[in-house]
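Thanks for making the time. I have one structure to go through today, and I will keep to side-chain contacts and a couple of backbone angles. Here it is on the screen.

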Amino acid sequence: MLKVGDEKVLIKPAEAEEKTSGGIYVPDTAKKKSTEGEVIAVGRGKTADGVTTEPFFKVGDTVIYSKYGGTELTQNGVDYVIMDWDSVLAAK
């Protein structure tokens, strides 16, 4: 299991859509990069002036994150994105 720094989050991006709602298959070159995924690991929290703030999401949540934030990596054939908490926009 990968671990992350205090103010970081590790996300497994959702798979890109294979076909449109109208039934047209999308080629790999035209697929959009996902901005939604599952939280795999979360750092301990932000500490400022002795007060620790925890994130509003937890491991297992589905989050929407900034398209341009983070670093992409592959571990054991699985793609991940690691980014700052500030790049997570919403959780469900």
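I will take the salt bridges, then the aromatic rings, then the backbone.

Please keep in mind that this is a predicted model.

Salt bridges. The count comes to 4. I will go through some of them, including the one between D6 and R44, where the closest N and O atoms are 3.0 Å apart. In sequence, these two residues are 38 residues apart, so to speak on distant parts of the chain: D6 sits in the segment before β1, which covers 8-13, and R44 sits in the loop between β2 (36-42) and β3 (46-48). How exposed are the two partners? D6 is partly exposed, with a relative accessible area of 35%. R44 is exposed, at 70%.

The next pair is E36 with K92. This is also a salt bridge, and its closest N and O atoms are 3.5 Å apart. E36 belongs to strand β2, while K92 is in the segment after β8 (88-91), so the contact ties together parts that are 56 residues apart in sequence. On accessibility, E36 is partly exposed, with a value of 30%. K92, for its part, is exposed, with a relative accessible area of 65%.

Then there is K58 with D61. Their side chains meet in a salt bridge at 3.1 Å, N to O. Is each partner buried or exposed? K58 counts as exposed at 55% relative accessibility. D61 counts as buried, because its relative accessibility is 13% and the cut-off for buried is under 20%.

Now the aromatic rings. A search of the whole structure finds 2 aromatic pairs. One of them is F56 with F57, in an edge-to-face arrangement: the centres are 5.1 Å apart and the planes are at 90°. These sequence numbers are consecutive, but the two residues fall in separate accessibility classes: F56 is exposed, with a relative accessible area of 54%, whereas F57 counts as buried at 5%.

F57 also pairs with W85. That pair is edge-to-face as well, with 6.4 Å centre to centre and 80° between the planes. For anyone tracking thresholds, ring centres have to lie within 6.5 Å to count as a pair. Where do the two residues lie? F57 is in the loop between β4 (51-53) and β5 (62-65), and W85 is in the loop between β7 (78-84) and β8, so this pair ties together parts that are 28 residues apart in sequence. W85 is buried, with a relative accessible area of 6%.

Taken together, F56, F57 and W85 form one aromatic cluster. Within that cluster, F57 is buried and W85 is buried, while F56 is exposed.

Last, the backbone. Which residues should we look at for phi? D49 has a phi near 55°, a positive value in a residue other than glycine. D49 lies in the loop between β3 and β4, and at 81% relative accessibility it counts as exposed.

N76 is the other entry on my list. Its phi is near 55°, again positive in a residue other than glycine. N76 is found in the loop between β6 (71-75) and β7. At 76% relative accessibility, N76 counts as exposed.

That is what I have. I am happy to go back to any of these residues on the screen.

Notes. Residues are numbered from 1 along each chain as its sequence is written. Side-chain values use heavy atoms; hydrogens and water are left out. Helices (H or I, at least four residues) and strands (E, at least two) are DSSP runs, numbered from the N terminus. Buried means under 20% relative accessible area, exposed over 50%, partly exposed in between (1.4 Å probe, protein chains only). Rings of Phe, Tyr and Trp (its six-membered ring) pair if their centres lie within 6.5 Å; planes under 30 degrees apart count as stacked, over 60 as edge-to-face and the rest as tilted.
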